[in-house]
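Good morning, and thank you for joining this group meeting. Please look at the sequence and the structure as they appear.

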Amino acid sequence: MSELVVQRPEGLYCPPGDFYIDPWRPVDRAVITHAHADHARTGHGHYLAAAPGEGVLRQRLGQITLQPLAYGERLVHQGVEISLHPAGHVLGSAQVRLAHGGQVWVASGDYKVAPDPTCAPFEPQRCDVFITESTFGLPIYRWRSDAELFAEIDAWWQTNAELGRASLLACYSFGKAQRILAGVNAAIGPIVVHGAVEPLNQAYRAAGVALPATQLATEVTDRTLFKRALVLCPPSAAASTWARRFGEIGTAFASGWMQLRGARRRGGYDRGFVLSDHADWPGLHRAIGATGAQRVIVTHGSIPVMVRYLAEQGLQAGAFQTEYGDEALETEAA
């Protein structure tokens, strides 16, 4: 049977439909799984994406020709039935389901199976072939519950506030910042954000996601407010002159990479909070199993480990070489 998705220099290509999924080179027609910079790039002629993500896509990419599609709605393009289904990664994230010639393929983009109040939960799709990420595809990556994690963040913030110093928490501006806002106890003190974070907060609020009040750091006139504040900013800003305005600070970084202690030491942060918008090792395998797919293609992350493990489970496993998962690109764009 013909392949519904193949690898090309521009990205992952659907030959019968003549379109790409999250291409990294300019193409005529692109189906976008979500608005992170390694998956959603400028320069394409036409974009198709899940309707809940329209605001963040337009905020990040500017003037684009975008066709929003409701989750679960089906359209047919050159004989290929396309539908988008929640991936649970960030607002508007979607899995791309393709049906053609008796086959069903699903490209997951990035996904998370843990609950998250800021986006629709992951919905597994039965398919013949599943294209999966494996950003945290090693057995060491196993996430704690949000209740435990946010209790830890709140305690760190409360301690800093009692000492009269700002709590500067570095995180990606899109997805991670909003998940933190939705999870912390906003009664502890004011929440101040970097200029890269607030436009995305506004896009989330416009999409109906409840977030606590935030203030732009550059608009705060009473600097004594910083002494009890939680400050959210991209990692690039945490070590820049921008952070000097807060005076004495406690610093932390929220990321799945904080599972490894060395990552915290290399970043120079006081604390590391293990918070990820991707599935952990057990989550990846629960998601893959729920699809019923007998063939799995791994796109990025710990590819050799994941492919070997899946093959040991009796699945037909392979990989696509992609340009996804570029942490430097997302940090820069944050």
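I shall speak about three loop residues, one after another.

Please bear in mind that this is a predicted model.

I begin with Asp-18. Where is Asp-18 placed? Asp-18 lies in the loop that joins strand S2, residues 11–14, to strand S3, residues 19–21. Its backbone deserves attention: the phi angle of Asp-18 is near 55°, which is a positive value in a residue other than glycine. As a general background, most residues other than glycine have a negative phi. Is Asp-18 buried or exposed? Asp-18 has a relative accessible area of 40%, so Asp-18 is classed as partly exposed.

I turn next to Gln-78. Gln-78 sits in the loop between S7 and strand S8, the latter covering residues 80–86. Phi is positive here too, with a value near 50° for Gln-78, again in a residue other than glycine. The relative accessibility of Gln-78 is 51%, and exposed means over 50%, so Gln-78 counts as exposed.

The last residue is Ala-70. The loop that holds Ala-70 runs between strand S6, residues 66–69, and strand S7, residues 74–77. With a relative accessible area of 36%, Ala-70 is partly exposed. Which residues does Ala-70 touch, if we leave out those up to four places away in sequence? The answer is Ala-51 and Leu-84. Finally, consider Ala-70 together with Ala-203: the two are 133 residues apart in sequence, and their C-alpha atoms are 17 Å apart in space.

Thank you for your attention.

Notes. Residues numbered from 1 in each chain as written. Predicted model: local features only at pLDDT ≥ 70, side-chain atom pairs only at ≥ 80, totals over all residues. Heavy atoms only, no water. Helix = DSSP H or I, 4+ residues; strand = E, 2+ residues; numbered from the N terminus. Buried < 20%, exposed > 50% of the residue type's maximum accessible area, 1.4 Å probe, protein only. Contact = heavy atoms within 4.5 Å.
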